[in-house]
Amino acid sequence: MPRSAKMSDATIRTIESERRRSRFVSVAVVLLTLVLSAVILYQISVLISREAPSSFVTYNPPPPDRPDDYVPMQKDLSGGAPPVSATSVMVALDNTSLMAAASVNTDAISGSLLGTEDGLDGDFGLGGIGNGIGSGIGDGLSGGSAGMGDRESGGSSFCGRFWDLKKTRLKADSELKDPIANLGVMELMSRFYNGNWDTNLFRNYYESSVNLYAACFYMPLSLDKEASNAYDPDGSMGLEPSRWVAVYSARVKAPKTGRFRFVGIGDSVMGVRFNGKNVLQCGFHSLETGAWNANVEEDYIAAHEFYEYRSCGSWNMMFGGFRAGEYFEVKEGEWYEMQVLVSEIGGGAFGFCLLIDEEGAPRKLDADGVPIFQLFRTAFVEPNMEEAYAKIKFPCDEGGFIAKVDPPYDPDSRIWEAEPIEVKRNRGRNDRDGDRPRRDRRDRRGR
């Protein structure tokens, strides 16, 4: 006879009660876990202090004559347009430190270095700022200086080459040795200017083994031996004053789209070529025709645009002022090849200055109502007369009186980033047959 087992009612009630207790415990554990997780996340994200990110601000140091003045911190530079302030110190702030960096004028920090608007002010021959921040903005915007330039490239500058036309490349006397050859020098200059600015035209003459790097073209009155001395500081090459030519070459980056023209002055002559086109020639003699003293004739001055500045009396008297060149067009961020020629032919007084003017842009005016143009520069250089004349070894001494000029320019001049065009020379000889342009990094990248 088959048998079957059956649980009692009490046993069934006990089992159901255990099941309900187990479910309750499971739900309680899950809820408690969620609550604890939320508390932990809250502690991490809210209650635990996080290190504040660094930010850049400007601090206006008190002027030297009021050292106890307090000037408050300015607005964070990363939060839009920089504050309008005096020359400031840029600092990096975090929750534990305050670190001062190089002195920079933040009035003008907006665009020239980033390819838009105004530039940054700097110092004459400044070296520290470009090396500190230049790698992020144009491979060092401190290279080069004013005057004839210096020997250290350092970044954004023109490369200058110098030929003593009185000597052959083997250092013998050339056909241009005697002063009666001045007209021959002008004929050579005119061929160069009207040709393709091919420096092979000078290959039969003696070239300095020294290259100089210039970030602007600002050379106030001096004797022209200042130039030969700059390219031959120890005298070992025997470079001599008069009948020499220097050519500066670079690729420059336009900081803004627009139409521009150069406004310049040069003794004896200065010429500028931009993007394969002659855009300015000035000085005593005509680079266009090779004619002697053609640029200072009354008819020539009356037919062209000149600007006279009260602080440049000697240049006004000799040249009629600064001459305005031809307009040329550029696009922001694009690179253009540019050359500048300076030369002293007859000897004696010497100097030059190159400014730049933007069509349609507002201009500052001097006390006489004459426009003050921007200094054409490729770095932070901001030359002034005192520092420039302090560096001159051969001032223009006229009967015990040092003749000086003080070319004015807008201190907020933009910076046209530049890459010098250099030449690789064959060692052991002053022969240009083996010269080849040294390509910069952009060329090697195919740009």
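How many disulfides does a search of the whole structure find? The search finds zero. Please keep in mind throughout that this is a predicted model.

For those who work with cysteines at the bench, I recall that a disulfide is a covalent bond between the sulfur atoms of two cysteines. Two cysteines deserve a mention here. Cys159 has a relative accessible area of 1%, and it is therefore classed as buried. Cys396 also counts as buried, because its relative accessibility is 4%, and the cut-off for that class is under 20%.

I turn next to strand E4, which covers residues 158-168 and contains Arg161. Is Arg161 buried or exposed? Its relative accessible area is 8%, so Arg161 is buried. The side chain of this arginine has a polar partner: a polar contact joins it to the side chain of Thr199, at 3.4 Å.

Arg161 also brings us to Val245, since the two residues are in contact. Val245 belongs to strand E8, which runs over residues 244-253. With a relative accessible area of 0%, Val245 is buried. Which residues does Val245 touch, leaving aside its neighbours within four places in sequence? Besides Arg161, the contacts are Phe162, Trp163, Leu165, Met189, Phe202, Leu341, Val342 and Ser343. As a further point of reference, Met270 stands 25 residues from Val245 in sequence, and their C-alpha atoms are 9.8 Å apart in space.

I now come to the internal spaces. Rolling a probe the size of a water molecule over the atoms shows where empty space is left. Across the whole structure, two cavities of 30 Å³ or more are found. I shall describe the second largest cavity, whose volume is about 50 Å³.

Which residues line the second largest cavity? The lining consists of Gly264, Ile265, Gln281, Cys282, Gly283, Asn295, Tyr300, Phe306, Phe319, Gly321 and Arg323. By class, five of the lining residues are nonpolar, five are polar and one is charged.

Where in the secondary structure do these residues come from? Strand E9, residues 258-267, and strand E11, residues 277-283, each contribute at least two residues to the lining. The largest share comes from E11, with three residues.

To close, I return to the opening question. The search of the whole structure gives zero disulfides, and both Cys159 and Cys396 are buried. Cys282, for its part, is among the residues that line the second largest cavity.

Note on methods
Residues are numbered from 1 along each chain as its sequence is written. This is a predicted model: local features need pLDDT of at least 70, side-chain atom pairs count only at pLDDT 80 or more; totals for chains, interfaces and linings use all residues. Side-chain values use heavy atoms; hydrogens and water are left out. On a 1 Å grid over the protein atoms alone, a cavity is a set of points where a 1.4 Å probe fits but cannot get out, and a pocket is an open set with protein on both sides within 12 Å along at least five of seven lines; lining residues have an atom within 4 Å of a point. Grid points are joined across faces, edges and corners, and a volume is the space filled by probe spheres set on the points. Helices (H or I, at least four residues) and strands (E, at least two) are DSSP runs, numbered from the N terminus. Ala, Val, Leu, Ile, Met, Phe, Trp, Tyr, Cys and Pro count as nonpolar, Asp, Glu, Lys and Arg as charged, and the others, Gly among them, as polar. Buried means under 20% relative accessible area, exposed over 50%, partly exposed in between (1.4 Å probe, protein chains only). Contact means heavy atoms within 4.5 Å. A disulfide is a pair of cysteine sulfur atoms within 2.5 Å. A polar contact is a pair of N or O atoms within 3.5 Å; within protein, one must be able to donate a hydrogen and the other to accept it, and residues adjacent in sequence count only if both atoms are side-chain atoms.
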